[in-house]
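Please load the model in a viewer and keep the selection panel at hand. The tour below proceeds from one selection to the next.

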Amino acid sequence: MSPLVLAVLLLQPAAQKPAVAIPPGDSAMVVVDGAARPDLVPEWSVWGYVFRVVSGGPRQLPSSVVELASAAELEFVLREADAVRKADAACESRLARAFTRLGQDPPAMVDDRLHEINVGCRRDTLRARDAVLAGLNPAAASALRAFAESTKTGTSISVPRKKLPRFLEPE
């Protein structure tokens with residue numbers, strides 16, 4: 001093989017898995033598969049899940065975080081997770097009220113309002129993430145970030161193809 005052919009082969013990008021998969025028989029939907037492409041799972045989704053896990057059930061953080069955080073830091077994370085849960089409930093109420101406008105307002109107007117509320121709520125989740133990570137010592141923050149990242153591989157989300165860009169916002 002000539003050096004030129006070898007150089008061309010080395011410069012070609014490796015075959016990448018598709019960003020999203022198209023479910024068989026349904027070209028209108030795409031699947032964001034965290035096992036194949038964890039980088040495509042939106043941060044707002046990941047951290048929303050982390051806060052729900054922390055604030056629900058046994059109200060515990062992963063042991064990897066507990067081992068590294070002070071009692072005050074752990075309590076802080078629980079308070080923030082509870083606040084996110086309350087904020088999520090308020091978002092759901094706002095979304096429900098906006099949805100009731102369907103039939104009174106043009107569908108596009110209602111859709112825009114629903115999207116605006118969703119993106120605002122997602123930004124609130126990201127702000128809470130930033131506050132929590134800033135409120136932890138570096139080792140505990142790193143452990144919590146690693147836990148959040150680990151949840152991506154178990155995530156699979158079906159989204160209408162035409163709504164995918166909106167689904168990924170605000171990132």
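## The segment after α7

Begin with Pro170, which is located in the segment that follows α7. The model is a predicted one, and the peptide bond to inspect here is the one between Glu169 and Pro170. That bond is cis, with omega at about 10°.

## A positive phi angle

Select Arg59 next, in the loop that runs between α2 and α3 (63-66). Its phi is near 55°, a positive value in a residue that is not glycine. Is Arg59 buried or partly exposed? Its relative accessibility is 33%, so Arg59 counts as partly exposed.

## The two strands

Display β1 (residues 29-33) together with β2; the two strands pair in the antiparallel sense over five bridges. To find one point of register, select Val31, whose bridge partner in β2 is Ser158.

Now show the side chains of β2, residues 156-160. In a regular strand, side chains alternate between the two faces of the sheet. In β2, Ile157 and Val159 point to one face and are buried. Ser156, Ser158 and Pro160 point to the other face and are not buried.

## The nonpolar core

Which residues of the largest nonpolar core touch the most other members? They are Trp47, Leu61, Leu136 and Leu144, in a core of 32 residues. Colouring by element shows where the core is drawn from: β1, α2, α4, α5, α6 (138-151), β2 and α7 each give two or more residues. The largest share, six residues, comes from α2.

From Leu136, extend the selection to Ala72, a residue of helix α4. The C-alpha atoms of Ala72 and Leu136 are separated by 9.5 Å, although the two residues are 64 apart along the chain. Ala72 has a relative accessible area of 56%; since exposed means over 50%, Ala72 is exposed.

## Salt bridges

Side chains of opposite charge can pair when their charged atoms come close. How many salt bridges does a search of the whole structure find? The search finds twelve.

Select Arg37 and Asp39 as a first example: their side chains meet in a salt bridge with an N to O distance of 2.7 Å. Asp39 has a relative accessible area of 49% and is therefore partly exposed.

Proceed to Glu43 and Arg129, whose side chains meet in a salt bridge at 3.6 Å, N to O. Glu43 belongs to helix α2 and Arg129 to helix α5, so this pair ties together parts that are 86 residues apart in sequence. Both Glu43 and Arg129 are buried; for Arg129 the relative accessible area is 17%.

Keep Arg129 selected and add Asp130. These two residues also form a salt bridge, with their closest N and O atoms 2.8 Å apart. Unlike the buried Arg129, Asp130 is partly exposed, at a relative accessible area of 41%. To complete the view, add Glu149 and Lys152: together with Glu43, Arg129 and Asp130 they are linked in a network of salt bridges.

## The largest pocket

Rolling a probe the size of a water molecule over the atoms shows where empty space is left. The largest pocket holds about 240 Å³ of space. Select its lining: Trp44, Ser45, Gly48, Arg52, Asp88, Cys91, Glu92, Leu95, Asn118, Cys121, Arg122 and Thr125. Which elements each supply at least two residues of this lining? They are α2 (43-55), α4 (71-99) and α5 (107-135). Colouring the lining by class gives four nonpolar, four polar and four charged residues.

## The second largest pocket

The final stop is the second largest pocket, with about 190 Å³ of space. Its lining consists of Asp111, His115, Asn118, Arg122, Pro160, Lys163, Arg166 and Phe167. The elements that give two or more residues to this lining are α5 and α7 (164-168). With four residues, α5 gives the most. By class, the lining divides into two nonpolar, two polar and four charged residues.

Two selections made here link back to earlier stops. Asn118 and Arg122 line the largest pocket and also the second largest pocket. Pro160, another residue of this second lining, is on the face of β2 whose side chains are not buried.

Technical notes: Residues numbered from 1 in each chain as written. Predicted model: local features only at pLDDT ≥ 70, side-chain atom pairs only at ≥ 80, totals over all residues. Heavy atoms only, no water. 1 Å grid on protein atoms, 1.4 Å probe; cavity = no way out; pocket = protein on both sides within 12 Å on 5 of 7 lines; lining within 4 Å. Points joined across faces, edges and corners; volume = space filled by probe spheres on them. Nonpolar A, V, L, I, M, F, W, Y, C, P; charged D, E, K, R; others polar. Buried < 20%, exposed > 50% of the residue type's maximum accessible area, 1.4 Å probe, protein only. Pairing = 2+ DSSP bridges. Salt bridge = Lys/Arg side-chain N within 4 Å of Asp/Glu carboxyl O. Core = buried A, V, L, I, M, F, W, Y, C linked by side-chain atoms within 4.5 Å.
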